[in-house]
Amino acid sequence: PEEKIFSEKTLTIPLETRNIPTEVELVEKPEATVDVTIRAPNRLINEISAANVYVKLNLEKATIFQQEYPLNETMISLPPGAEVIRITPNKVKLKLEKTKEALLDIVPNILGEVKEGYQIARVEVVPQRVSVKGPESKVREKDKITTTPINVANLEESTTLEAELILPRPELRLVGPRNRVQVRILVQEEKTSPKPEPKKKK
């Protein structure tokens, strides 16, 4: 009977990493996919595809000192009746780093010039600093967070605008939901040097 006739099939399956410990960052990711050779009865083999096979690497007990992680059949979810014959590669490399948090200054990105006869007296950012998190090697306390461009062209009165934050490195993330700041541009008339000055010399 067909039940007892088995076939093999090799599938390229995405590798999922799960349960990364808190206060640890995945800085070098493992291979994105692995090849899994599966054996199953002929009645099942055609139903097995990359859509219903999963490879999950559980990093719950991972440490920053371990870089190689073996892969085995217990990490692969298969339809009942199928079995894993081979996994290629049978181990993957990845790198973890401790999470670091820092408070970084925000520097607004001001574009353009205010209206002639006026000048920017002061720029205030609220808040002035925000916390970021990321891998220890990528968090530098001297780094600055910038904002999306703030156009002050032809401005002639003080105004408050909202701007999104731009982090200095892609590996960093903001702590908390805030990703915008308020930028207050204080504009005043230019103080021109008084014209009667030359008369004082007479």
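# Briefing: an extended, strand-rich chain

Leu-71 sits in the loop that runs between strand 5 (68-70) and strand 6 (76-77). This is a predicted model, with an average pLDDT of 89 for the protein. The protein carries two helices and 17 strands. Its radius of gyration is 30 Å, well over the 17 Å that the globule rule gives for 202 residues, so the protein is more spread out than a compact globule.

**Overall layout and confidence**

- Measure the C-alpha trace along its principal axes and you get spans of about 120 × 35 × 25 Å.
- Of the 202 residues in the protein, 30% are buried.
- Take the contacts between residues at least 6 apart in sequence: 75% of them join residues at least 24 apart.
- As for confidence, 93% of the residues have a pLDDT of at least 70.
- The low point is helix 2 (residues 197-200), where the mean is 55, while the high point is strand 13 (residues 144-147), at 96.

**The largest nonpolar core**

- As a bit of background, nonpolar side chains in soluble globular proteins tend to be buried together.
- Here the largest nonpolar core has 26 residues, and the members that touch the most others are Val-36, Leu-57, Tyr-69 and Leu-71.
- At least two residues of this core come from each of strand 1 (6-18), strand 3 (33-41), helix 1 (42-45), strand 4 (54-58) and strand 7 (83-88).
- Strand 3 gives the largest share of the core, with four residues.
- There is also another core lying apart from this one, made of 19 residues, including Ile-106, Ile-150, Ala-163 and Ile-185.

**Leu-71, back in its loop**

- With a relative accessible area of 7%, Leu-71 counts as buried, because the cut-off for that is under 20%.
- Leaving out residues up to four places away in sequence, Leu-71 touches Leu-15, Val-34, Leu-57, Ile-87, Pro-89, Asn-90, Lys-91 and Val-92.
- One of those partners, Leu-57, is also listed with Leu-71 among the core residues that touch the most other members.
- For a contrast in distance, look at Glu-101: it is 30 residues from Leu-71 along the chain, and their C-alpha atoms are separated by 32 Å.

**Asp-35 on strand 3**

- Asp-35 belongs to strand 3, and at 32% relative accessibility Asp-35 is classed as partly exposed.
- Asp-35 and Leu-11 are 24 residues apart in sequence, yet their C-alpha atoms are 5.6 Å apart in space.
- Setting aside neighbours within four places in sequence, Asp-35 is in contact with Thr-10, Leu-11 and Thr-12, and also with Arg-86, Ile-87 and Thr-88.

**Backbone oddities**

- Most residues other than glycine have a negative phi, and most peptide bonds are trans. The next few spots go the other way.
- The peptide bond from Thr-88 to Pro-89 is cis, with omega near -5°. Pro-89 lies in the loop between strand 7 and strand 8 (91-93), and Pro-89 is also one of the residues touched by Leu-71.
- Val-126 and Pro-127 are joined by a cis peptide bond too, with omega about -5°. Pro-127 is in the loop between strand 11 (118-126) and strand 12 (129-135).
- Glu-23 has a positive phi, near 65°, despite not being a glycine. You'll find Glu-23 in the loop between strand 1 and strand 2 (24-28), where Glu-23 counts as partly exposed at 46% relative accessibility.
- Asn-154 is a non-glycine residue with a positive phi as well, near 65°. Asn-154 is in the loop between strand 14 (150-151) and strand 15 (159-166), and at 58% relative accessibility Asn-154 counts as exposed.

**Rings and charges**

- Go looking for aromatic pairs and you'll come up empty: a search of the whole structure finds zero.
- Rings do show up next to charged side chains, though. The charged end of Arg-39 sits over the ring of Phe-6, 4.4 Å from its centre.
- Over at Tyr-54, Lys-56 lies over the face of the ring, at 5.3 Å from the ring centre.

Key
Residues are numbered from 1 along each chain as its sequence is written. This is a predicted model: local features need pLDDT of at least 70, side-chain atom pairs count only at pLDDT 80 or more; totals for chains, interfaces and linings use all residues. Side-chain values use heavy atoms; hydrogens and water are left out. Rings of Phe, Tyr and Trp (its six-membered ring) pair if their centres lie within 6.5 Å; planes under 30 degrees apart count as stacked, over 60 as edge-to-face and the rest as tilted. A charge sits over a ring if NZ of Lys or CZ of Arg is within 6 Å of the ring centre and within 35 degrees of the ring normal. A nonpolar core is a set of buried Ala, Val, Leu, Ile, Met, Phe, Trp, Tyr and Cys residues joined through side-chain atoms within 4.5 Å. Buried means under 20% relative accessible area, exposed over 50%, partly exposed in between (1.4 Å probe, protein chains only). pLDDT is the predictor's confidence in each residue, from 0 to 100. The radius of gyration is taken over C-alpha atoms; the globule rule is 2.2 Å times the number of residues to the power 0.38. Contact means heavy atoms within 4.5 Å.
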